Structures are given as structure tokens and as C-alpha cells.
Amino acid sequence: MEDWLHCNACYIRIIHKPESFSVTNCAHIFCNKCVAKAAGSMCVVCNRKCSFTLLHVKMPANTAIYFKEPKELVTKAMEMLKLSEDVRKFQSLQRKSLMKALTSKNEQKEKLLQAAVATMTKTKKENSDLKKFIIKNRKNIPSISPSHPFMTMQFSPDCSPPSSPQRISSRKTPPHYYSSVPS
Ligand SMILES: [Zn+2]
Ligand SMILES: [Zn+2]
């Protein structure tokens with residue numbers, strides 16, 4: 001940067017010693033002698049209140065960048081551009097992978113849902129057919145009244161029906177006693 005570096009007040013050039021200069025936030029450069037002569041913190045070029053930053057290897061990056069070679073900045077920018085393309089490709093692949101997995105899961109869920117709906121539809125139809133059958137054949141189904149012989153049958157403990165039905169009303173023992181239980 002030495003070919004253009006000079007004090008904006010006295011125009012001195014000090015080769016290979018950038019730390020002999022300071023830069024202001026109003027973008028003016030002064031040699032250390034002129035900085036010392038500056039009244040307070042006023043810039044002698046534009047007469048604005050300013051702050052001075054010594055040109056040094058540890059100066060803030062946002063100031064240091066103005067003292068770098070433009071070619072160097074372009075090279076870095078190109079590298080960043082290439083890196084940004086790699087980053088874009090990487091993130092794109094990750095997104096595609098996620099989309100593929102989510103789509104596959106959705107398809108599986110959709111298949112399960114369709115199977116469940118088909119089963120439900122089939123069951124509904126079977127229920128409907130059964131209801132229709134019952135309504136149609138209701139008259140043909142014999143009604144079982146409490147006096148029906150089947151309801152008055154007494155069963156032995158081994159659950160085999162007795163050879164002849166007996167009427168509960170004729171028994172003196174409570175109905176839960178079986179006729180074969182010894183009294
Ligand atoms: Zn100067
Ligand atoms: Zn200035």
C-alpha cells in the first residue's frame with residue numbers, strides 16, 4: 001500500500017512504515033506529527049470531529065480492509081463465492097434427503113390410512129347387510145318367553161341338560177341350587 005500512502009495534511013510519504021500514520025473515521029490519513037498538531041480531535045482536512053486509528057497490524061478488520069490489495073480482496077471474494085456454492089449444494093442435498101424421508105413416511109401413512117378406510121367401509125357394509133337380514137327375517141325368529149321350556153330347564157353341575165325339564169316354580173330350594181346337589 002506504500003505507493004499511495006501519504007499524509008493528507010503535509011503530504012509526506014514514509015515508505016515501509018505504515019505505523020507512522022493514522023486514519024480517521026472521516027477517511028483522511030495523517031502522519032503522526034500532524035496528528036500531534038491536530039487541535040483536539042478535529043480533522044484538519046474536513047474540519048469535522050473525528051477519531052484517529054493508528055495503522056497497525058492489530059487495527060480493526062473493518063479499517064484494515066481499506067489498506068489491503070484490491071486483487072487480494074477479489075481472490076478472497078472468489079473463494080467465498082465458490083465456498084458459498086459448495087455450501088448451497090451441501091444444504092440442498094440435505095434438504096432433498098429430508099424431503100425423501102418425509103415423503104416416504106407420508107406414503108406409508110397414506111397406505112395404512114387407505115387400508116384402514118377400506119376395512120372400515122367393508123365392516124360398515126357387513127353391518128348394514130346384517131341389519132337388513134335381521135329386519136327381513138325378524139318375523140321368522142321365534143321369540144323366547146320366560147315360560148319357554150328352554151328357560152325352565154335345570155342343568156346338572158356338569159352342564160349336561162337333564163333328560164326331562166323341571167319347572168323352577170315347583171322347587172322349594174332357591175333357583176341357584178341344582179336338583180342333583182344333595183340336601
Ligand atoms: Zn503530516
Ligand atoms: Zn476529515
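These legends walk through several close-up views of one predicted model. Residues are numbered from 1 along each chain as its sequence is written, while chains are lettered from A and ligands numbered from 1 in the order in which they are written. Because the model is predicted, local features need pLDDT of at least 70 and side-chain atom pairs count only at pLDDT 80 or more, whereas totals for chains, interfaces and linings use all residues.

**View 1. The whole protein chain has 3 helices and 3 strands.** Helices (H or I, at least four residues) and strands (E, at least two) are DSSP runs, numbered from the N terminus. Follow the sequence and you'll meet them in the pattern β-β-α-β-α-α. Buried residues make up 7% of the 183 residues. Here "buried" means that 20 or more other C-beta atoms lie within 10 Å of a residue's own; "exposed" means 12 or fewer, "partly exposed" is in between, and the C-beta atoms are placed from the backbone.

**View 2. Three strands line up as an open sheet.** Their order is E2-E1-E3, with antiparallel pairing. Two strands pair if DSSP finds at least two bridges between them, and E1 and E3 have 3 bridges. Look for Val23, which stands opposite Thr53 in E3. What is left without a neighbour in the sheet? E2 and E3 (52-54) are at the edges with a single partner strand each, so one side of each has no neighbour there.

**View 3. The largest nonpolar core has 8 residues.** A nonpolar core is a set of buried Ala, Val, Leu, Ile, Met, Phe, Trp, Tyr and Cys residues joined through C-beta atoms within 7 Å. This one is made of Leu5, Cys7, Phe21, Val23, Ile29, Phe30, Cys31 and Cys34. Strands E1 (21-24) and E2 (29-31) each give two or more residues, and E2 has the largest share, with 3. Now zoom in on Cys31: leaving aside neighbours within four places in sequence, its contacts include Cys7, Cys10 and Phe21. Two residues are in contact if their C-beta atoms, placed from the backbone, lie within 7 Å.

**View 4. Glu19 sits in the segment before E1.** Is Glu19 buried or exposed? Glu19 counts as exposed because it has 12 C-beta neighbours inside 10 Å. Beyond four places in sequence, Glu19 touches Leu54, Leu55 and His56 in the contact sense. Val57 is 38 residues away along the chain, yet its C-alpha atom is 8.6 Å from that of Glu19.

**View 5. Two loop residues have a positive phi.** Most residues other than glycine have a negative phi. Ala27, in the loop between E1 and E2, has a phi near 70°. Asn47, in the loop between H1 (32-37) and E3, has a phi near 55°. Ala27 is exposed, with 12 other C-beta atoms within 10 Å, and Asn47 is exposed with 9.

**View 6. Helix H3 runs over residues 70-137.** From its first C-alpha to its last, H3 reaches 98 Å, close to the 100 Å expected at 1.5 Å a residue. That expected span is 1.5 Å times one less than the number of residues. How many of its 68 residues are buried? The count is 0, so to speak a helix that is hardly covered.

**View 7. Some stretches have a low pLDDT.** pLDDT is the predictor's confidence in each residue, from 0 to 100. The chain averages 83, and 76% of the residues score at least 70. Over residues 164-173, though, pLDDT is below 50, and it stays under 50 over residues 175-181.
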